[in-house]
Amino acid sequence: MTDLDTRPDKRPANPLAGPYGHPFHPIAVTIPIGAWIASFVFDIIGLIVADPTPYAVGSRVLIGIGLVGSLVAIVLGIFDYLRIPDRTRSSSTATIHMGLNFVVCGAYLFQLFLRTSTDDIPIAGVIFSAVSLLTLSASGWLGGKLAYRYGVRVAHESKQAEGFVTRRSRR
Amino acid sequence: MVDTAPLTRAKYPRSLIAGPYGHPFHAIAIILPIGAWVSASVFDVIAVTSPDAAVFALGARILIAIGLLGAVVAAVLGLIDWSSIPRDTPARATGLTHMILNFIAMAVFAGSLALRVEEEAVPTLAMVASFAGLALLSVSGWLGGKLAHTFGVRVATETTQAEGLEPLP
């Protein structure tokens, strides 16, 4: 197959990475990002309300859910990374994307140790979360660039065309 | 001869609100509702298995509400991208099914929230409703992934994509 040579990054490394045209990495990232944003919302609510306990507990559990989800996302991301040709803009973008994400995961793991009390929201934790979310925005932007601009794990246009066959041309 | 014009049209944003070319904002916006609703169901399961039910019942209610707010933003952005897919195409039909399933899922989560009148525990029906919402979301999300990653909606053209494979200096 000729296009396997020119665009290996469009095809999955293995079945775990999701079928051609259906990468699993973009699905997996919704859990850590969504849970960590929600954790920050819980922090803000906890800082405002009279009884922060349920929000302190909830925020910590959300950080934990995010960490578990990020492990899955990391493995799936590495599979897709392996298919990108070396020494290209795409591969350097992916390397930065991965490096930033490792830093964010490390910061959230560290935060679990900051958040041992269930009675209040530690300010240091809130600051860590804010900085982590900003970093995640940057790495997420690069992840979006890999998929939507560089077309990593997006089907070839010859395949995409199946979605745009008009009734007129089908006749 | 293959007409590539309809395919190309779906690759460009209809409005800058939908994000620049090669950077659709809908794909970002869907992250919060999905992550918040999955987390809400995790909280439900913890609530029914732990002695601290009230804490997690409250958390689940907040998470469903966060998801609903996020879903409204995602729906607006999704509608903009859908409107640039040419009519009478499989991609347009896939987008319509994706949208209808998501509207049903939003209604199901709103219903799940409305059922949670009890402060101290998670009503079984509400928990089941959330699971049903997640099942709908899996199907609609699969169709959304198909639109982006198989049909290439809002994905840059292969000519633009070639930038990514330029060797580094």
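# A two-chain helical model, by question

User: Is A:Ser91 buried or exposed?
Analyst: This is a predicted model. A residue needs 20 or more other C-beta atoms within 10 Å to count as buried. A:Ser91 has 22 C-beta neighbours inside 10 Å, so A:Ser91 is buried.

User: Which residues is A:Ser91 in contact with, leaving aside its neighbours within four places in sequence?
Analyst: A:Ser91 sits in helix α5 of chain A. Leave out everything within four places in sequence, and its contacts are A:Ile84, A:Pro85 and A:Asp86.

User: How far apart in space are A:Ser91 and A:Pro19, C-alpha to C-alpha?
Analyst: Along the sequence, 72 residues separate A:Ser91 from A:Pro19. In space, their C-alpha atoms are apart by 21 Å.

User: What secondary-structure pattern does chain A follow along the sequence?
Analyst: Chain A has eight helices. Its strand count is zero. Read along the sequence, the pattern is α-α-α-α-α-α-α-α.

User: What radius of gyration does chain A have, set against a compact globule of 171 residues?
Analyst: The C-alpha atoms of chain A fill a box of roughly 65 × 40 × 25 Å along the principal axes. A compact globule of 171 residues would come out near 16 Å. The radius of gyration of chain A is instead 20 Å.

User: Among contacts in chain A between residues at least 6 apart in sequence, what percentage join residues at least 24 apart?
Analyst: Buried residues account for 48% of the 171 residues in chain A. Now take contacts in chain A between residues at least 6 apart in sequence. The share joining residues at least 24 apart is 75%.

User: What span should the 19 residues of α3(A) have at 1.5 Å a residue?
Analyst: The expected span uses one less than the number of residues. The end C-alpha atoms of α3(A) are 27 Å apart, and this agrees with the expected 27 Å.

User: How many of the 19 residues of α3(A) are buried?
Analyst: Helix α3(A) covers residues 30–48. It is largely enclosed by the rest of the structure, because its buried residues number 14.

User: Which residues have the most contacts inside the largest nonpolar core?
Analyst: This core has 86 residues. Helices α3, α4, α5 and α6 of chain A and α3, α4, α5 and α6 of chain B each supply at least two residues of this core. The residues with the most contacts inside this core are A:Ala38, B:Ala60 and B:Leu63.

User: Which helix gives the largest share of this core?
Analyst: The largest nonpolar core has 86 residues. Its largest share is 13 residues, and the helix behind them is α4(B).

User: Which residues is B:Ala60 in contact with, leaving aside its neighbours within four places in sequence?
Analyst: B:Ala60 is one of the residues with the most contacts inside the largest nonpolar core. Leaving aside neighbours within four places in sequence, its contacts are B:Ala40, B:Phe43, B:Asp44, B:Ala47 and B:Val122.

User: Is B:Leu137 buried or exposed?
Analyst: B:Leu137 lies in helix α6 of chain B, residues 124–150. Leaving aside neighbours within four places in sequence, it contacts B:Ile34, B:Trp37 and B:Ala105. With 26 C-beta neighbours inside 10 Å, B:Leu137 is buried.

User: What distance separates the C-alpha atoms of B:Leu137 and B:Trp37?
Analyst: Along the chain, these residues are 100 residues apart. B:Leu137 and B:Trp37 are nevertheless in contact. Their C-alpha atoms are separated by 9.7 Å.

User: Which helix gives the most to the side of chain B that touches chain A?
Analyst: The contact takes 47 residues from chain B and 47 residues from chain A. On the side of chain B, helices α1, α2, α3, α4, α5, α6 and α7 each supply at least two residues. The most, eight residues, come from α3(B).

User: How many residues of the side of chain B that touches chain A are nonpolar?
Analyst: Polar residues on this side number 14. Charged ones number seven. The nonpolar count is 26.

User: Is A:Arg87 buried or exposed?
Analyst: A:Arg87 is in the loop between α4 and α5 of chain A. Its phi is near 55°, positive in a residue other than glycine. Only 12 or fewer other C-beta atoms within 10 Å count as exposed. A:Arg87 has 11, so A:Arg87 is exposed.

User: Is B:Arg154 buried or exposed?
Analyst: B:Arg154 is in the loop between α6 and α7 of chain B. Its phi is positive, about 65°, although it is not a glycine. With 27 other C-beta atoms within 10 Å, B:Arg154 is buried.

User: What ipTM does the predictor give the complex?
Analyst: Chain B has a mean pLDDT of 95, and 98% of its residues reach 70 or more. The complex gets a pTM of 0.95. Its ipTM is 0.95.

Technical notes:
Residues numbered from 1 in each chain as written. Chains lettered and ligands numbered in written order. Predicted model: local features only at pLDDT ≥ 70, side-chain atom pairs only at ≥ 80, totals over all residues. Helix = DSSP H or I, 4+ residues; strand = E, 2+ residues; numbered from the N terminus. Rg over C-alpha atoms; globule rule 2.2 N^0.38 Å. Contact = placed C-beta atoms within 7 Å. Core = buried A, V, L, I, M, F, W, Y, C linked by C-beta atoms within 7 Å. Nonpolar A, V, L, I, M, F, W, Y, C, P; charged D, E, K, R; others polar. pLDDT = per-residue confidence, 0-100.
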